Amino acid sequence: MAKAVILAGGFGTRLRPLTNFIPKPLVPISGTPLVQRIISTLPPGVDEIIVAAGYRSHDIEAYFRENPQDVPVRIVTEHKPLGTAGALWNLRERLDSTFVVLNGDVINSIPLAEMERFHREKGAVATISLWEVEDPTAFGIVRLSDGSSITEFREKPTREEAFSNLINAGTYIMEPSIFDHMSHENFSLEREVFPGLTDGRLHGFSFSGYWIDCGSREMFLKAQRLLMSMEIPGIEKNARMDGCLLNRPVAVESGARLMGVRLGPNAYVGSGVHIGEGSVVENSAILSEAAVGRNCRITNSIICPGAVVLDSTVSDSQILGEPSA
Ligand code: GTP
């Protein structure tokens, strides 16, 4: 598998207003941008990463200029959104051997090298990662025959229509021959391309561990909790914490100043953040350079970089603030 394509051109509307200022692939989860987390899962055989970008692609370019990777990264910008299929069609001349495609907003434990071996054994045109969920109504489900051959797809089924709990987990391994089954008119892989390949050429690869689509506030915070419990981050040395009560997991980055704050569980405090006395932060992320006044209560929320929150309660569905710069 020589090339990896990261689909990173969406608008990230569910994470607004955060994504008004940061494209979703650069949203930091427990301190590390999503796209960087995705890159860290690539197997050693990958020798080029292509980021199919669109919305705020200049920010993505700047990120990779400032953060060189071990393998070359090429950003290909779509001037209008091409959809998941159009984005690949746009890259077809560069994709001349087996390649992996990854959604730019998912964290998961897919063993990609094992998935590639499986893909080759099955001789598939495309192999789709599959994840089991209790309620598949928000996802695309598949029907399998002979254990792995995908015979049917359905996007966002109702409870009654849901013939399976296995959902498309958004990571694919593909052969260049996939382009024989596509054209410039295709927009969606899931709706237009995959359903035409359900005659034995499409296989499903199930895995265990974790899978979280981080595209909404609830899922972002769920991913943060999981990552903090796996990575066990802590308090950076040059963060200043006076009289704080910690309920782990919590992470506090450098330059943060917290006075008499009750923090956690699942609280991430970015670099340069100030939080005033008597405030409580629970199941939330306060992103870099934000300021929270005294006696505030922040729960189940993401506070944007540079935002200011004064004397208030922010809970549940809020993703607050405007960057000051
Ligand atoms: P919402 O607006 O909140 O639904 O988010 P989204 O459109 O950014 O993400 P969605 O979950 O719909 O898409 C899954 C992945 O595909 C994300 O990583 C997106 O960045 C990416 N994606 C979606 N549409 C396009 C597109 O037109 N071009 C490219 N290159 N990537 C896309």
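Helices and strands here are DSSP runs, with at least four residues for a helix and at least two for a strand, and they are numbered from the N terminus. With that in hand, let's walk through this predicted model. The protein chain has seven helices and 28 strands. Its radius of gyration is 21 Å, close to the 20 Å that the globule rule gives for 325 residues, so the chain is as compact as a globular protein of that length. If you lay the C-alpha trace along its principal axes, the protein chain spans about 65 × 45 × 30 Å.

Now for the ligand. The space it takes is the largest pocket. Two elements give two or more residues to the shell around the ligand: strand 1, covering 3–8, and helix 4, covering 83–89. In total, 18 residues surround the ligand, and the closest are Leu7, Thr13, Arg14, Glu78 and Gly83. What kinds of residues make up that shell? They divide into seven nonpolar, seven polar and four charged.

Next, have a look at where the backbone meets the ligand. A polar backbone atom of Gly9 is 3.0 Å from a nitrogen atom of the ligand. Ala52 also brings in its backbone, with an N or O atom that lies 3.0 Å from a ligand nitrogen. At Gly104 the partner is an oxygen atom of the ligand, and a backbone N or O atom lies 2.8 Å from it. As for how much of the ligand is covered, the protein hides 81% of the 620 Å² of accessible area that the ligand has on its own.

Finally, a few spots along the backbone deserve a stop. Follow the chain to the loop between strand 1 and helix 1 (18–21), and you'll find Pro17. The peptide bond leading into Pro17 from Arg16 is cis, with omega near 5 degrees. Further on, there's a cis peptide bond joining Arg248 and Pro249, and here omega is about 10 degrees. Pro249 has its place in the loop between strand 15 (245–246) and strand 16 (250–252).

One more loop to visit: the one between strand 2 (28–29) and strand 3 (32–33), where Ser30 lies. What is the phi of Ser30? It is near 45 degrees, which is a positive value in a residue other than glycine.

Definitions and conventions: Residues are numbered from 1 along each chain as its sequence is written. This is a predicted model: local features need pLDDT of at least 70, side-chain atom pairs count only at pLDDT 80 or more; totals for chains, interfaces and linings use all residues. Side-chain values use heavy atoms; hydrogens and water are left out. A residue is near a molecule or strand if one of its heavy atoms lies within 4 Å of it. A polar contact is a pair of N or O atoms within 3.5 Å; within protein, one must be able to donate a hydrogen and the other to accept it, and residues adjacent in sequence count only if both atoms are side-chain atoms. Accessible areas come from the Shrake-Rupley method with a 1.4 Å probe; for residues, only the protein chains shown count as cover. On a 1 Å grid over the protein atoms alone, a cavity is a set of points where a 1.4 Å probe fits but cannot get out, and a pocket is an open set with protein on both sides within 12 Å along at least five of seven lines; lining residues have an atom within 4 Å of a point. A molecule sits in a cavity or pocket if more than half of its atoms lie within 2 Å of its grid points. Ala, Val, Leu, Ile, Met, Phe, Trp, Tyr, Cys and Pro count as nonpolar, Asp, Glu, Lys and Arg as charged, and the others, Gly among them, as polar. The radius of gyration is taken over C-alpha atoms; the globule rule is 2.2 Å times the number of residues to the power 0.38.
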